[in-house]
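Please read the following walk through a protein model with its sequence and coordinates open beside you. The account begins with aromatic rings and then turns to the overall fold and one of its sheets.

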Amino acid sequence: MKNNIWKRGFGISKVMLTILVVLITTSLIFSFLMPFTVEAATGRPNYNTRVASGSGHYLFIDDEGSVWAYGSNSFGQLGDGSRTQRDLPVKVYSHSWDGRAKSVAAGSQQSLVLLENGTVLQWGYNNLSIPIQKQVALDGNAVEIAAGADTCMAILESGNAVIWSNILNRRFIRRPDGTYLPNVKEVSVGSNDFILLRDTSGKVYSVDVSDYTARPVKREIINTVTPTLTPVPSPTETPIPTDDPDPEVTPTNTPEPTNTPEPTQTPAPVLEDLTGVVEISAGRNFGVALLSSGDVYTWGNSQNGALG
């Protein structure tokens, strides 16, 4: 009898144990997923990006300011100290190390993290040795970062923009006269050959990668021209010849009045700087600009209907 009671008691305990395991597992799953609350893209302050997508790898910033990553890792672009692909997110930076992460950016084989103190961290670009995270040496604190293809960029507190890659040493973006381009507000990197910048006034620049100088992007304005009209004379009456030597009334030929031509509008294209822009985005050899008026401008390579 005692043996039977013990068996029945063990059976009940096993059911309860199974339920307890399920509850614990569920709570662990939810506790793991909860940190991934991401700010919406609209209204984000200072264009800080809390989610970034590269060529097969992805970065997140959680509510604590830590960075997580998953996806391809053949170049060490995840920053976990390996080149192993991760199908689930792994924490690659903790806010307790050097402060909270503010922004993330991802390229084809590299990742960037901007900390709240203006420090920029980088990893990737490596398929030979053990990948490590390192701090990017910049001439000042950064306020924004961007990455695309193999290129990285940062805007410093001074308003100047810096560019670098795995084969390009860090250098400032300059104007054609050799001076640093000032008051840079936003940068966007598409391909290695298509890089856009926007200054605080809303003017957009493209980077000439042959010498890394910034030149204003132009847009075509169609002006209307009204041609000058030549006045049309009033119709006159012309006598009609007759055989009557003494006609009482001389018949006349009255010409039909000539209609005045309507003025025409002739397109006259004029190139001017693209200004009044509030946001830019660079793709693979094409660009998109959002104006304060709500208009959208596109230019560049229209392959696959990218220009809309």
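For the rings of Phe, Tyr and Trp, the last taken by its six-membered ring, a pair is counted when the ring centres lie within 6.5 Å, and the pair is called stacked if the planes are under 30 degrees apart, edge-to-face if they are over 60, and tilted otherwise. Applied to this structure, which is a predicted model, that rule gives a count of four aromatic pairs. One of them joins Tyr-93 and Trp-97, whose ring centres are 5.3 Å apart and whose planes make an angle of 85°, so the pair is edge-to-face by the cut-off of over 60 degrees. The two partners have contrasting surroundings, because a residue is buried under 20% relative accessible area and exposed over 50%: Tyr-93, at 0%, is buried, whereas Trp-97, at 51%, is exposed.

Another pair, that of Phe-172 and Tyr-180, has its ring centres 4.4 Å apart and an angle of 20° between the planes, and it is therefore stacked, the planes being under 30 degrees apart. Phe-172 has a relative accessible area of 15% and so falls among the buried residues, which lie under 20%, while Tyr-180, with 33%, is partly exposed because this value lies between the two limits. Elsewhere in the chain, Tyr-58, Phe-60 and Tyr-70 come together as one aromatic cluster.

The wider setting can now be described. The protein has 308 residues, of which 34% are buried, and its secondary structure consists of two helices and 23 strands. When contacts between residues at least 6 apart in sequence are considered, 49% of them link residues that are at least 24 apart. The area that the protein exposes is about 18600 Å², and 54% of this is supplied by carbon and sulfur atoms.

Within this arrangement, one open sheet is built from four strands in the order 9-10-11-12, and their pairing is antiparallel. Its edges are formed by strand 9, residues 142-148, and strand 12, residues 171-172; each of these has a single partner strand, which means that one side of each is left without a neighbour in the sheet. Further in, strand 10, covering residues 151-156, pairs with strand 11, covering residues 161-165, in the antiparallel sense and over five bridges. Within this pairing, Ile-155 has Ala-161 of strand 11 as its bridge partner.

Methods. Residues are numbered from 1 along each chain as its sequence is written. This is a predicted model: local features need pLDDT of at least 70, side-chain atom pairs count only at pLDDT 80 or more; totals for chains, interfaces and linings use all residues. Side-chain values use heavy atoms; hydrogens and water are left out. Buried means under 20% relative accessible area, exposed over 50%, partly exposed in between (1.4 Å probe, protein chains only). Contact means heavy atoms within 4.5 Å. Accessible areas come from the Shrake-Rupley method with a 1.4 Å probe; for residues, only the protein chains shown count as cover. Two strands pair if DSSP finds at least two bridges between them.
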